[in-house]
Amino acid sequence: MKSTITVGRENSTDIDIYFEDHGEGRPVVLIHGWPLNGHSWEKQTAALLKEGYRVITYDRRGFGQSSQPSTGYDYDTLAADLHQLIATLDLRDAAIFGFSMGGGEVARYLGTYGSERVSQAGFLAAIPPFLLKTDNNPEGVDKSLFDGFLRDIAADRPAFIAGFLQAFYNVDILGGKLISDHAVQASWNVAMQSSAKACSDCIRAWLTDFRSDLAKIDVPTLVMHGSADRTCPFEPTGKRTHEMVRGSKLVLIEDGPHGFIWTHAEEANKALLAFLADRV
């Protein structure tokens, strides 16, 4: 099933979130990364459906087939969009997995709305706990890097995203082996359909502090990360998230780039399905 839910209004226009809801069984919600859409999970969706899960993907506001408003690209609003989707579909006993930026929605959703409807969670190549370097977060990244991103994306968004995707998939090493030129081009095509405002505002949202959200997570949690992630290096992101979420399970994809859900899909799917099956 393909459909939309309305999560707000900007002037005379509804703000709609596009989602796809396929299969039967226990629901699994997949939240995509920047600057892609819900279809970036296609290899995981196929594996989950084959194993009898109900799979829900959606396009974050500003991306894919969802509305492209000028506001709402903060994690409180993005988590509220996720909450409305889960409530509208009346999901229970759900597993929610966020890739890259999508990990922020998982953290903020659980930190704000709790786990009444959620029984498992996952962070895949995700940005939590806190990317920005501050006095009380010395492990973070200097703000100048993100300021440079914003300048470059304002100057030439197509060129910036093309370069971003090269690092996203470690194309210099994996190109022609685990990622084709066609797949990289397809990702660029999807990215260019997104809102320019959303692209910039979401970069600012990456600097959100999720540490208090992670401390509230009380469901079994999977942290999966590529050891060769150049976009969200493991040490300041996945490693620390694993340390902050009590009892979380860590899976490190050896030589995996940021986009390992495509390049190392078989290994990632095996770990994902094992986690889902291993219910306490």
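This passage walks through a predicted model of a protein chain, from its overall build down to single residues.

Let's start with the big picture. The protein chain folds into twelve helices and eight strands. With a radius of gyration of 17 Å, close to the 19 Å that the globule rule gives for 280 residues, the chain is as compact as a globular protein of that length. Along the principal axes, its C-alpha atoms fill a box of roughly 50 × 45 × 45 Å. Of the 280 residues, 56% are buried. Contacts also reach a long way along the sequence: among those between residues at least 6 apart, 76% join residues at least 24 apart. As for the outside, the accessible surface comes to about 11600 Å², and carbon and sulfur atoms account for 50% of that. The side chains include 27 positive and 36 negative ones, and the centres of these two sets lie 2 Å apart.

Next up is helix α3, which covers residues 102-113. At 1.5 Å a residue, its twelve residues should span 16 Å, and the end C-alpha atoms are indeed 16 Å apart, so the expected and modelled spans agree. Ten of those twelve residues are buried, so α3 is largely enclosed by the rest of the structure. The buried set starts with three glycines, G102, G103 and G104, and carries on with E105, V106, A107, R108, Y109, L110 and G111. What sits over them? The cover for these buried residues includes the strands β3 (27-31), β4 (54-58), β5 (94-99) and β6 (118-124), along with the helices α2 (75-88) and α9 (211-215). Just past the end of α3 comes G114, with a positive phi of about 80 degrees.

Helix α4 (residues 143-155) can be checked in the same manner. Its 13 residues should span 18 Å at 1.5 Å a residue, and the end C-alpha atoms turn out to be 19 Å apart, which agrees. The buried residues here are F146, G148, L150 and I153. They pack against two other helices, α5 (157-168) and α8 (196-205).

Two single residues, H258 and G226, deserve a closer look. H258 belongs to the loop between β8 (249-253) and α11 (260-263). Its relative accessibility is 0%, and because buried means under 20%, H258 counts as buried. Setting aside neighbours within four places in sequence, H258 is in contact with F99, S100, A125, F168, D229, T231 and C232. One of these partners, F99, falls in β5, a strand that also helps cover α3.

G226, for its part, lies in strand β7 (residues 221-226). Is this glycine buried or exposed? At 0% relative accessibility, G226 counts as buried. Not counting residues up to four places away in sequence, G226 touches F234, L252, I253, G256, P257 and F260. For a sense of distance, take G226 and N269: they are 43 residues apart in sequence and 14 Å apart in space, C-alpha to C-alpha.

Finally, there are a few backbone oddities. Most peptide bonds are trans, and most residues other than glycine have a negative phi. Two cis peptide bonds go against the first of these habits. One joins W34 and P35, with omega about 5 degrees, and P35 is placed in the loop between β3 and α1 (42-50). The other runs from P128 to P129, with omega near 15 degrees; P129 is found in the loop between β6 and α4.

The second habit has its exceptions too, and both of the ones described here are asparagines. N11 has a positive phi, near 55 degrees, and is found in the loop between β1 (2-10) and β2 (13-22). N170 likewise has a positive phi, about 50 degrees, although it is not a glycine. This residue lies in the loop between α5 and α6 (171-174). How do the two fare for burial, buried or exposed? N11 counts as exposed at 73% relative accessibility, whereas N170, at 2%, counts as buried.

Technical notes: Residues are numbered from 1 along each chain as its sequence is written. This is a predicted model: local features need pLDDT of at least 70, side-chain atom pairs count only at pLDDT 80 or more; totals for chains, interfaces and linings use all residues. Side-chain values use heavy atoms; hydrogens and water are left out. Helices (H or I, at least four residues) and strands (E, at least two) are DSSP runs, numbered from the N terminus. The radius of gyration is taken over C-alpha atoms; the globule rule is 2.2 Å times the number of residues to the power 0.38. Buried means under 20% relative accessible area, exposed over 50%, partly exposed in between (1.4 Å probe, protein chains only). Contact means heavy atoms within 4.5 Å. Accessible areas come from the Shrake-Rupley method with a 1.4 Å probe; for residues, only the protein chains shown count as cover. Lys and Arg count as positive and Asp and Glu as negative; His and the chain ends are not counted. The place of a charge is taken as NZ of Lys, CZ of Arg, CG of Asp or CD of Glu. The expected span of a helix is 1.5 Å times one less than its number of residues.
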